[in-house]
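Me: I would like to go through a structure with you, by question and answer. Please show it first.

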Amino acid sequence: MKNYAVPFVLVFLACGAGFLALDYAVMSLQGLSLFFSG
Amino acid sequence: MGGRNAHRQASWGKGLGVAAALIFLVTWGLGVIDPAGWGASAAFAQETTDALPAGVVAPQQPSEADYPTIAGVNSRVVVWLVAQLHLWFAAFVLAVPIFVFIIEAIGMATRDERYDRMAYEFIKVSITAYSLTAIMGGLLTFCLVLFYPHLFQYLAGIFKETMFYYALLFFAESACLYIYYYGWHWLQGGFRKWLHLTVGLLLNAVGTVLMFFANAWLTFMMSPAGVDAGGVFTGDLWGAVHNFLWNPINLHRVIANIAYGGSIVGAYAAYKFLSARGSEEKAHYDWMGYTANLIAISALLPLPFAGYYLAAEIYAYSQQMGITLMGGIFAWLFIIQAVLIGTLFLSANYYLWCGMGRSDGGVRYHRWVKYLAIVIIGAFLVWFTPHTLVLTNEELKALGGPYHKYLGPLGIMPAKNTAVNIMILFTTLSFILYRRANKVATVSWAKAGNAAQVALFAAGIANILFLGIYHGYFTNTVYKVASSIPQVATTLIIIVASTVLDRFIYRGANEVGPIHWGRVPDRAQYALFLLAVAFTWLMGLMGYIRSGIRQHWHVVGIMRDNSADAYTPTLGYAANVVSIGTVLFMAMVIFVFWLSQVSGTKTHPAGYWKERRA
């Protein structure tokens, strides 16, 4: 189980952070924030 | 041999004949040949041209009476069907050389002759289709000149140079194709093979330029440029060619053609597989069908993004045209489009799942297939859920409005973008499992690698859901549209990263056993047929929508369509015309397949020929 769980959690967190950074970058390029500010 | 020569001469004859007709018509369009005396329409064109200073290209505004009626034929339906048939064949013959070139290059690199044989068989199928493309192109030109002379005169006036070069390039394409096909066995080995591959490259280059020219003419009708507000040509030909929608259409058509070409040759392989007698023949056509399906899927995956880009550009050019496209009368055709796209994904996936049976190791992954199917079908259902429903008054009252409480929210674009991205990712997953079916990883970190791959997909899908749900339902329209871009980027990153990771995990992997080509159920072949038919139907439908959003304009905002048919037909009528076109095309494709079968059949009539003594 450890063979799967540890790499899964690490990669999930790393990829999740990476994708959020991507979202932030692409939205910023379009002049928008990641979260809606009204 | 005599038969082959006759076929060759007939092909050349047809190709050259149509090209000559095209050049003649283009020169007529340029006014080199005096159109006076060609009937009322030509006389009208001449009169109106007289009213303008020499050399000025401006649109004429014909009245309803100025549209010729010939033999009681409905000009719109004829041009519609002929243009669509020409486009289907053109898409096919432009796409096949692209992947034939790639397969031939793989054969050269690996020195595996099977690739070369398969590439040759692919191009063989496209040869007869090429003649039909030329015939349909010639017929379309005649139809435009006869039924819509004023429009053709205007377009030819602006695009005369590109039309002339188009006709000349047609000769170049014919020459490249025939050298490529007939010289296949002659140009083998060493330098000769390189020469042959170069001819293939030239064939693709010429074909692509031809398509770009034709795309300029049709996109000019949607987003005219290089003309003033009255439609008078400013002399800026590049401006007219490089109009607002030219590149979006170019991109969309290149990708779609590859997917379409893959699906048609897949259907050919399925046809040959089902009619094969020996196991060796079955194995060969199974491999061919698999390769064709792989090509079709590879191009199908980025296709929704190219389509989205095109639609977004249409909106950007004209909001009115964009709203007509997806918010107006054509919106319901998009529901049919969604059903057909879902059919494409389902049949492509189904073919892959059936194909796992070729490997003895495939059984390890069978249990996952049902989960893949559930997710893909779920995404498919969201993908084609309409925003509003067609309801009777009683139903409308019972529902309390046109929007369903639960299904209504699934009808908006963020839900569909989310669904299609997930559908694409799970198709990628199907393909990954298919690739793994016959392999056993040997690297020490295989388990950790698998976990990483699952984590990559999980994080990516979570991000797609976050963007789709949060931005789709809790922000404004600007955010909804903007968030579709990171969604697409996420999908592309997952596809690339998981493919690379998979390659490393399975580097030096052991094989479970030999792949049993031909060990696939017949029903998988019907999935390939379904893929081809769904693609054809889809192209016909979307082609109609793209053209139909011009509504009562020949050239949007510049040249009105004043013919009796200048109205948007009912959806049922349009769907019937597209369906008739699809049936006609499929009948012609079956004819092409049959011809390729017949060309390899020899009859030895005993006692028919005189015995010759030595």
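Short questions and answers on this structure follow.

This is a predicted model, where local features need pLDDT of at least 70, side-chain atom pairs count only at pLDDT 80 or more, and totals for chains, interfaces and linings use all residues. Residues are numbered from 1 along each chain as its sequence is written, while chains are lettered from A and ligands numbered from 1 in the order in which they are written.

Me: Is B:V443 buried, exposed or partly exposed?
Reply: A residue is buried with 20 or more other C-beta atoms within 10 Å of its own, exposed with 12 or fewer, and partly exposed in between; C-beta atoms are placed from the backbone. B:V443 has 14 such neighbours, so it counts as partly exposed.

Me: Which residues does B:V443 touch, not counting residues up to four places away in sequence?
Reply: Contact means C-beta atoms, placed from the backbone, within 7 Å. By that test, B:V443 touches B:I505 and B:R507.

Me: Which helix of chain B gives the most to the largest nonpolar core?
Reply: A nonpolar core is a set of buried Ala, Val, Leu, Ile, Met, Phe, Trp, Tyr and Cys residues joined through C-beta atoms within 7 Å. The largest has 171 residues. Helices are DSSP runs of H or I, at least four residues, numbered from the N terminus. With 19 residues, the top giver is α3 (residues 75–110).

Me: How many residues does α17(B) give to the side of chain B that touches chain A?
Reply: The contact takes 22 residues from chain B and 16 residues from chain A. On the chain B side, α17(B) gives the most: 13 residues.

Conventions. Two residues are in contact if their C-beta atoms, placed from the backbone, lie within 7 Å. Helices (H or I, at least four residues) and strands (E, at least two) are DSSP runs, numbered from the N terminus.
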